[in-house]
Amino acid sequence: MSSAFVRESDEQWLHDVAPGLPALLVYLTRENNGVRIYEKRNYVSEKTGRPVYEMSNGLSYSKDDKGQWYVV
């Protein structure tokens, strides 16, 4: 079988990524076909009081009460 095929069990979801920023960067880079994603800026949300990370892919990410990543 060709390695070009990805088994469904090999997929990783955003909420499954470890809670550290380096793990998020690795995940986002992998999801972006190897094109490096980097942090543009970070700030604390006035609404939630949690850190928000604005990334070079145009999306912002934060963690929920369980420590899982989500798109803001």
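Good morning. Three bridges join strand E3 to strand E4, and the two strands run antiparallel. I begin with this pair, and I should say at once that the model before us is a predicted one.

Let us look at the contacts across that pair. Tyr 61 stands opposite Val 71 in E4, and the bridge partner of Lys 63 in E4 is Trp 69. The two strands form a hairpin with five residues between them. In its turn, Gly 67 has a positive phi of about 85 degrees.

We move next to the other side of E3. Strands E2 and E3 also pair in the antiparallel sense, here over two bridges. Tyr 53 stands opposite Tyr 61 in E3. This hairpin has four residues between its strands, and Gly 58 in the turn has a positive phi of about 90 degrees.

E3 itself covers residues 60–63, and Ser 60 belongs to this strand. Is Ser 60 buried or exposed? Its relative accessible area is 14%, and as this is under the 20% limit, Ser 60 is buried. Leaving aside neighbours within four places in sequence, Ser 60 is in contact with Val 52, Tyr 53, Glu 54, Tyr 70, Val 71 and Val 72.

The remaining strand is E1. Strand E1, residues 39–44, is joined to strand E2, residues 51–55, by five bridges, and these two strands run antiparallel. Val 44 stands opposite Pro 51 in E2. The hairpin of E1 and E2 has six residues between the strands, and within that hairpin Gly 49 takes a positive phi near 75 degrees.

We can now assemble the sheet. In general, the strands of a sheet pair through backbone hydrogen bonds, either parallel or antiparallel. Here the result is an open sheet of four strands in the order E1-E2-E3-E4, with antiparallel pairing. E1 and E4 stand at the edges, each with a single partner strand, so one side of each has no neighbour in the sheet. On average, neighbouring strands of this sheet are turned by 30 degrees against each other, with direction ignored.

Against the sheet we find a helix. H1 packs on the sheet and touches E1, E2, E3 and E4, and its direction makes about 30 degrees with that of E2. H1 spans residues 21–31, and its Leu 24, Tyr 27, Leu 28 and Thr 29 are buried. The buried residues of H1 pack against E2, E3 and E4. After H1 comes Asn 33, whose phi is positive, near 55 degrees.

What makes up the largest nonpolar core? There are 10 residues in all: Leu 14, Val 17, Leu 24, Tyr 27, Leu 28, Ile 37, Tyr 53, Met 55, Tyr 61 and Trp 69. The elements that give two or more residues to this core are H1 and E2. H1 gives the most, with three residues.

Two members of that core deserve a closer look. A pair of aromatic rings is described by the distance of the centres and the angle of the planes. In this model the count comes to one aromatic pair. Tyr 53 and Trp 69 form that pair, which is edge-to-face, with 5.8 Å centre to centre and 70 degrees between the planes. Tyr 53 lies in strand E2 and Trp 69 in strand E4, residues 69–71, so the pair ties together parts that are 16 residues apart in sequence. Both Tyr 53 and Trp 69 are buried.

Trp 69 has other partners as well. Lys 63 lies over the face of Trp 69, at 5.2 Å from the ring centre. Not counting residues up to four places away in sequence, Trp 69 touches a list of residues that includes Leu 14, His 15, Val 17, Ala 18, Pro 19 and Gly 20. Also among them are Leu 21 and Leu 24, together with Tyr 53, Tyr 61, Ser 62 and Lys 63.

To close, I return to the whole picture. The four strands form an open sheet with antiparallel pairing, and H1 packs on that sheet. Trp 69 belongs to the largest nonpolar core, and this residue also forms the aromatic pair with Tyr 53. Thank you for your attention.

Key. Residues numbered from 1 in each chain as written. Predicted model: local features only at pLDDT ≥ 70, side-chain atom pairs only at ≥ 80, totals over all residues. Heavy atoms only, no water. Buried < 20%, exposed > 50% of the residue type's maximum accessible area, 1.4 Å probe, protein only. Contact = heavy atoms within 4.5 Å. Pairing = 2+ DSSP bridges. Phe/Tyr/Trp six-rings, centres within 6.5 Å; stacked < 30°, edge-to-face > 60°. Lys NZ or Arg CZ within 6 Å of the ring centre and 35° of its normal. Axes fitted to C-alpha atoms, helices over the stretch in contact; angles between N-to-C directions. Core = buried A, V, L, I, M, F, W, Y, C linked by side-chain atoms within 4.5 Å.
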